[in-house]
Amino acid sequence: MSKADQLLSKLPPPTQLPSFVTDALNEPRAGQPNPVLNATDMTSQNFHTPMFSPVITSKNEENVELPTSPSNEAVADKAVKGEQSSGKADLFNWMKGSSSSIFSMVAEKAKNSVDAVLTTLDPQMKDTLNPNTFDNTDVVVASEKEIVVSAVREGFQKVFGKGVVRGLEAPDQPFAAQLVGFSAASKATKYCIDSVRLHVVKGPVVAFERFIVEPIESKWYEFGLLKLNDMERNIDLEVYTQSVPVPATIVGLISDDTPKDYEYISTGFSIPVAHFMASNLKVHPSEWQEVMTGVSQRSSLLAASVSLAMSYKIALE
């Protein structure tokens, strides 16, 4: 036998390793008579289940209902009812304060819409719908031509807001069919106003006449004159429309066709310019100005009416 085998044979056999788990379980505790816990003892003890209490709460958990006594519940109910009643009161107060203005706006818009429809179908309805604002007087136009009366009406209503403007036919005037010169136009409008004054004593009267003039040799132009007279306030105003060029050849033809013994030759010609211009341009006599200048007769007359109404308003102040 070798020396190594002899040494190994002298070693004692291995001992059993200690069990630390069982020793820990079986180790008795101080003050505990029974070191072993059985199932009965475990169930008899009161164990509290741990609860998680987050630091940041959600919005739904902010208002936690706590048990209250009957007196507290009554107080809480009164507080809730008070808040509801105050909220309803605020709502009703707001509706009460705003309903009048809202309803008035709706009614005003409805009225304006109906008035717009009526005045579109019948322009004369403006006199009925819009009360007079010129110191209880009417504005009378010495003409029954709708193009003249409607333009003067619209011009005065743009300046004064509302007003009654009506047309009244003037008698035949002792002037040429085609007026020539500023002086002849002024005399013709004054004659129309004086004729209407026999039937209308108070209030402003407006007259309108068209005429041609030669400011430069062989350069002819047509103008319109709007004249207003308020005899009570001693107001006399004159406004001219936009000028419209007239070919000198047309004026020559009118002059040649006017008889030498024409009764009113001192104030103009016997044939209107519109007659020849409409015949040459193949349009209606009231449309030749728009063909020549791009501005209709009514548009230029309306602009002059607004200017006349503004001048009258300034004179009243």
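Angles under 35 degrees count as roughly parallel, over 145 as roughly antiparallel, 65 to 115 as roughly perpendicular and the rest as oblique. This is a predicted model, in which local features need pLDDT of at least 70 and side-chain atom pairs count only at pLDDT 80 or more, while totals for chains, interfaces and linings use all residues. Residues are numbered from 1 along each chain as its sequence is written, and side-chain values use heavy atoms, with hydrogens and water left out.

**Exercise 1.** Determine how α6 and α11 are oriented to each other.

*Solution.* Begin with the axes (lines fitted to C-alpha atoms over the stretch in contact, with angles from 0 to 180 degrees between N-to-C directions): those of α6 and α11 come within 8 Å and cross at roughly 45 degrees. The two helices, α6 and α11, are therefore oblique to each other. Turn next to the residues in contact (heavy atoms within 4.5 Å), where Val152 and Phe156 are among those of α6 that meet α11, whose side includes Leu308 and Tyr312. By class, this contact of α6 with α11 has 15 nonpolar, four polar and four charged residues.

**Exercise 2.** Identify which element gives the most to the largest nonpolar core.

*Solution.* A nonpolar core is a set of buried Ala, Val, Leu, Ile, Met, Phe, Trp, Tyr and Cys residues joined through side-chain atoms within 4.5 Å, where buried means under 20% relative accessible area (1.4 Å probe, protein chains only). The largest such core has 22 residues, and Val152, Phe156, Leu226 and Leu308 are among those with the most contacts inside it. Elements giving two or more residues include β5 (219-230) and α11 (297-316), but α6 gives the most, with seven residues.

Conventions: Buried < 20%, exposed > 50% of the residue type's maximum accessible area, 1.4 Å probe, protein only. Helix = DSSP H or I, 4+ residues; strand = E, 2+ residues; numbered from the N terminus. Nonpolar A, V, L, I, M, F, W, Y, C, P; charged D, E, K, R; others polar.
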